[in-house]
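Colleague: I'm new to this one and would like to know how you decide what to call things. Can we go through it together?
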Amino acid sequence: MDLVHCIYCSASTAPIVSEADLEAILEVSRRNNAKSGITGMLLYRNGSFFQVLEGDRSAVETLFETIDADPRHFRVTKIVIEPIAERAFGSWTMGYPKISSKVLAEIPGLNDFFLRGESYLEIGEGRAKTLLAAFKEERWRLTLS
């Protein structure tokens, strides 16, 4: 298996994505990801999404193409796709941590970014990897839904 992770961000076409809408997205994602052997996590903030997908390169690339074509969002930006030695979210078909802006602002290396009210669309590769590392350290497992 050619194990990779893909980190991307996008903007919602809806001005507000409700909790019910997010739950529906997660339900379908979890079911489909389980079938494809994909794991990962999703964050939503200020109309933007940040997602990490992990799995076999071909499965991840196929899923990313599907996501890129989904009309519920735009400005889909692949931040990085690269080989990984092991999964960071191996037990999550699609984790969805509920994190406040205050908690995000407490992550070293991201505090200035989130205090300015930036969305995930401006995160860039360095900060995306910093955010990913914070989740790898399991800081927010208790808030995962």
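Modeller: Sure. Let's begin with a cut-off: a residue is buried under 20% relative accessible area, exposed over 50%, and partly exposed in between. Also keep in mind that this is a predicted model.

Colleague: Then why is Arg 57 called partly exposed?

Modeller: Its relative accessibility is 24%. That value lies in between 20% and 50%, so Arg 57 counts as partly exposed.

Colleague: And what makes His 73 count as buried?

Modeller: His 73 has 11% relative accessibility. Buried means under 20%, so the label fits. This histidine lies in strand β4, residues 73–83.

Colleague: What does the side chain of His 73 reach?

Modeller: The backbone oxygen of Ile 67, at 2.7 Å. There is also a polar contact between the side chains of His 73 and Ser 10, again with a value of 2.7 Å. Beyond residues up to four places away in sequence, His 73 touches Tyr 8, Ser 10, Ala 11, Ser 12, Thr 13 and Ile 67.

Colleague: Let's step back for a moment. How many helices and strands are there in the chain?

Modeller: Five helices and four strands. Starting at the N terminus, the order is β-α-β-β-α-β-α-α-α. Of the 145 residues in the chain, 45% are buried.

Colleague: How do you know that the span of helix α1 agrees with its number of residues?

Modeller: Helix α1 has 18 residues, 19–36, and at 1.5 Å a residue they should span 26 Å. The C-alpha atoms at its ends are 25 Å apart, which agrees.

Colleague: Which residues of α1 are buried, and why do you say they line one face?

Modeller: Leu 22, Leu 26, Ser 29 and Asn 33 are the buried ones. Looking down the axis of α1, you find its buried residues within an arc of 75°, so they line one face of the helix. In general, an α-helix has 3.6 residues a turn, so residues three or four places apart point the same way.

Colleague: What covers that buried side of α1, and what is on the other side?

Modeller: The cover includes β2 (39–45), β3 (48–56) and α2 (57–69). On the other side, Ala 20, Glu 27 and Lys 35 are exposed. After α1 comes Gly 37, with a positive phi near 70°.

Colleague: How many salt bridges does a search of the whole structure find?

Modeller: Four. One of them pairs Asp 2 with Arg 57, whose closest N and O atoms are 3.0 Å apart. The cut-off is 4 Å, so this pair qualifies as a salt bridge.

Colleague: What makes you say that the Asp 2 and Arg 57 pair ties parts together?

Modeller: Asp 2 lies in the segment before β1 (3–12), while Arg 57 is in helix α2, so the pair links parts that are 55 residues apart in sequence. Asp 2 is partly exposed, at 37% relative accessible area.

Colleague: Why are Glu 61 and Arg 57 said to be separated by about one helical turn?

Modeller: Because they are four residues apart in helix α2. Their side chains meet in a salt bridge, 3.5 Å from N to O. Glu 61, with 32% relative accessibility, counts as partly exposed. Through shared partners, salt bridges join Asp 2, Arg 57 and Glu 61 into one network.

Colleague: And why is Asp 70 called buried?

Modeller: Its relative accessible area is 19%, and the label applies under 20%, so Asp 70 is buried. Asp 70 forms a salt bridge with Arg 72, where the closest N and O atoms are 2.6 Å apart.

Colleague: Last one, on Glu 54: how do you know that this residue has no salt bridge?

Modeller: The nearest side chain of opposite charge is Arg 87, 4.9 Å away. A salt bridge has to be within 4 Å, so Glu 54 has none. Glu 54 is found in strand β3 and is buried.

Colleague: Which backbone nitrogen lies 2.6 Å from a polar atom of the Glu 54 side chain?

Modeller: That of Ala 88. The Glu 54 side chain reaches the backbone nitrogen of Phe 89 as well, at 3.1 Å. Outside its neighbours within four places in sequence, the contacts of Glu 54 include Val 4, His 5, Gly 37 and Val 60.

Definitions and conventions:
Residues numbered from 1 in each chain as written. Predicted model: local features only at pLDDT ≥ 70, side-chain atom pairs only at ≥ 80, totals over all residues. Heavy atoms only, no water. Helix = DSSP H or I, 4+ residues; strand = E, 2+ residues; numbered from the N terminus. Expected span 1.5 Å × (residues − 1). Buried < 20%, exposed > 50% of the residue type's maximum accessible area, 1.4 Å probe, protein only. Arc of directions from axis to C-beta. Contact = heavy atoms within 4.5 Å. Lys, Arg positive; Asp, Glu negative; His and termini not counted. Polar contact = N/O pair within 3.5 Å; in protein donor to acceptor, adjacent residues only side chain to side chain.
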